Amino acid sequence: MSASRLSAALEIWHARRERTGSNKAYVLYAFLLVAVIVIVPVVRALWVIVSSPAGLAVLTSANASAAVSLIVAALWAGAILAGQKRGPALLPPFLLHALTGSSIRRALTLRMPVLRATAIVVAMCAAGAILVGMALFNDGHAQLAGVIVFAAAAVATGVVTAVLWLVGQAFPRAALPVSLILLVLAGMSLSVPEMLTFTPWGWVGTTYPLAGSGVLSLTGTAALAIASIIVTPVLLNRLTGMQLSTQAARWERATAFSFSFDFRAATAVYEAEPHLGRNIRAITPSRHRWATFFLRDVAGQARTPGRSLRAITAAAAAGALIALSFMPGTPSALLAGVAGIVIYGATGPLTKGLQHAASVAGDYPLYGISDRHLVLLHTLFPLIALLAVLTTSATVTALTNGVPLGVALTGAGAIGILALVLRFGSALKGPLPPSLLTPVNTPAGDLSGVMQIGWAISDPLIAILGALNATVLPITPIPLMMLAVCVGVAVLVRWKKRR
Amino acid sequence: MHPKDFRSNALSAPSTAKNAKDPASVLSPVVSVDAVSMTANDTLLLPPTTFQSGPGQVVALRGENGSGKTTLLRALAGRIRPTTGTIQVSCQPVNERDPEFRRRVAVMIGLPPMASDLTVFDHVALVASTWETSPGSVEALTRRVLDEFGLTELAARFPHELSSGQTQLFGLALVFVRPFNVLLLDEPEQRLDPGRVELLAQAILFRRAAGATIVAATHSSSLADCTADLTVTLGTPS
């Protein structure tokens, strides 16, 4: 009865945008185009990386199995945290309102979006496992049976991940502590490897093709996946209308901003608003204006402690990664690329004051100081914080791994300053220039979309490029200097055009 | 035409002027708008408009939606260049790049940028601290302006915790806390209940009494009646 009412409602919903044959053909054409131009080259690039000597050295190292366990634990912790903000059980706001307001059980109403989300997660986990397993098999390091067991464990891992994602959605308050406990336990199991035998992420790790027979571990992982599937309807029925509608509205706003390539606004939708520290004295008027603004920015960070802590942790990780990228025998390009994107992400929360200064500079005069002075005053805190965290982390990593200290410090400092400038430039960016909406006709179709995406993600891409250029600092500083000049000029142009 | 009513030249219908001072008494105009018009892509955005306003005067810009009120304010703020005519502020051409012009002219066209990690009090105090020199005067000025707009009870709230009307009052407090000779306001009564419009009117009259020249586009007859020395009614551009 409920199922027929649900299908009738969904039929009406889908009928509002009935696709003609030519529409469907176009969607298929677009999918094939994206597959050929994006997906196939990306998969091929990944294959080349994992099957290269450096990639195989990492995959066949003694710690590979433990690393898989750690990755799985991190994936599960991340899934729980993600569910707190955007769970898998979500529909467009109006459809959600109409269906969840009816007497149809939510286990039925929200079944399809959860199945879709699960299918995507399972596919990605399985693809990752197959890629790694086949690289090992191809080079004679693993048996085919071992690869199949590993892929099957990845499928079960995907199912558990999707259900934990739903757990985060159903228990948003518990999401953060549960994730932290999971990460702490995973960290502990690295130092006490015996623990891995008793942990689900450890079971997945032992199915790694080089870790021996993992059939027993696969059984444990599969049992966990089955238990997760059984508990799913209970979790779905537990979701409240308020939780669902809030998440759906946020997701709709974020996707609307993303479609207009305003990724800064899209991510801002999911940023935690401050609720703590409202009685902290943030403004301390002083003759030394730099002190007033420095303390103002510190107070702003203290009011969003979780966000600030994540940013500092990410900055520390970036410092360690860039230092490690100078160590002989490591996949330096991969480490530097990750460092670049991580430091760009970390600078976002740390430059809130600077981003506000950029907004003020583009608006009508409000402060009794020049725009340039305001920006400089708001640069102080993030610059000091970034350099302190990055250089400390890089120093510790360099000293413990035998990396030359000077080059590690220079690299870490350079990527920090570059990310800071990029964040400021991003805040001055403004909306997508209409000129980029002009069609770019090529034999492969209209490529104006590529230009638009390039414009939207140029800043994080430049951060990655900067980190890659930093890895050649021991040989030559010229690529990094040229990039710095280009970024400087671009930011200056944006500054001139800010109003 | 009523001698105290400066109207858009494009308008033919008569209008009424409220409690206006004689414009002839504007011996040294602070704001001088002479035959200013704005056209974009052959579309008339602002019909030719002329008026002058001296120190301690409030000009109410009235007119239907799309009649060019905001366009005129943006031209007065130096953000756009008029197609015809001249604008002078304190006998100087409008130059938004001039720091002295920015010191003299305060503008609220839309809400000012707000920082999510600062409370209402912090915002107002931070703006005040960049204009005032002594910490004591920053504190006193902040409290006075918050009180003026009925925001004292909301001082510890973050911007996302305010209603739309409270956010409008907060935006006004941010602009009113800074010193100015000329204040340009675009529909400052937006989203405010009658009691809060009264607070706004009092704040405007207080600045007028202190010698400021205020140009406000408004759809509120009560605000215009209560504060305006001059009413400039813009016609809907054809």
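**Talking through chains A and B**

Modeller: Chain B holds seven helices and nine strands. This is a predicted model, in which local features need pLDDT of at least 70, side-chain atom pairs count only at pLDDT 80 or more, and totals for chains, interfaces and linings use all residues. Residues are numbered from 1 along each chain as its sequence is written, chains are lettered from A and ligands numbered from 1 in the order in which they are written, and side-chain values use heavy atoms, without hydrogens and water.

Colleague: What makes a stretch such as residues 172-191 of chain A a helix?

Modeller: Helices are DSSP runs of H or I with at least four residues, and strands are E runs of at least two, numbered from the N terminus. H9(A) has 20 residues. Its first and last C-alpha lie 30 Å apart, close to the expected 28 Å, where the expected span is 1.5 Å times one less than the number of residues.

Colleague: Which residues of H9(A) are buried, and how do you know that they share one face?

Modeller: Buried means under 20% relative accessible area, exposed over 50% and partly exposed in between, with a 1.4 Å probe and protein chains only. Ala175(A), Ser179(A), Leu182(A), Ala186(A) and Ser189(A) are buried. Seen down the axis, the buried residues fall within an arc of 95 degrees, so they line one face of the helix; the arc is taken from the directions from the helix axis to the C-beta atoms. Arg173(A), Ile181(A) and Ser191(A), on the other side, are exposed.

Colleague: Why are E6(B) and E7(B) called paired?

Modeller: Two strands pair if DSSP finds at least two bridges between them. E6(B) and E7(B) have four, in the parallel sense, so they count as paired.
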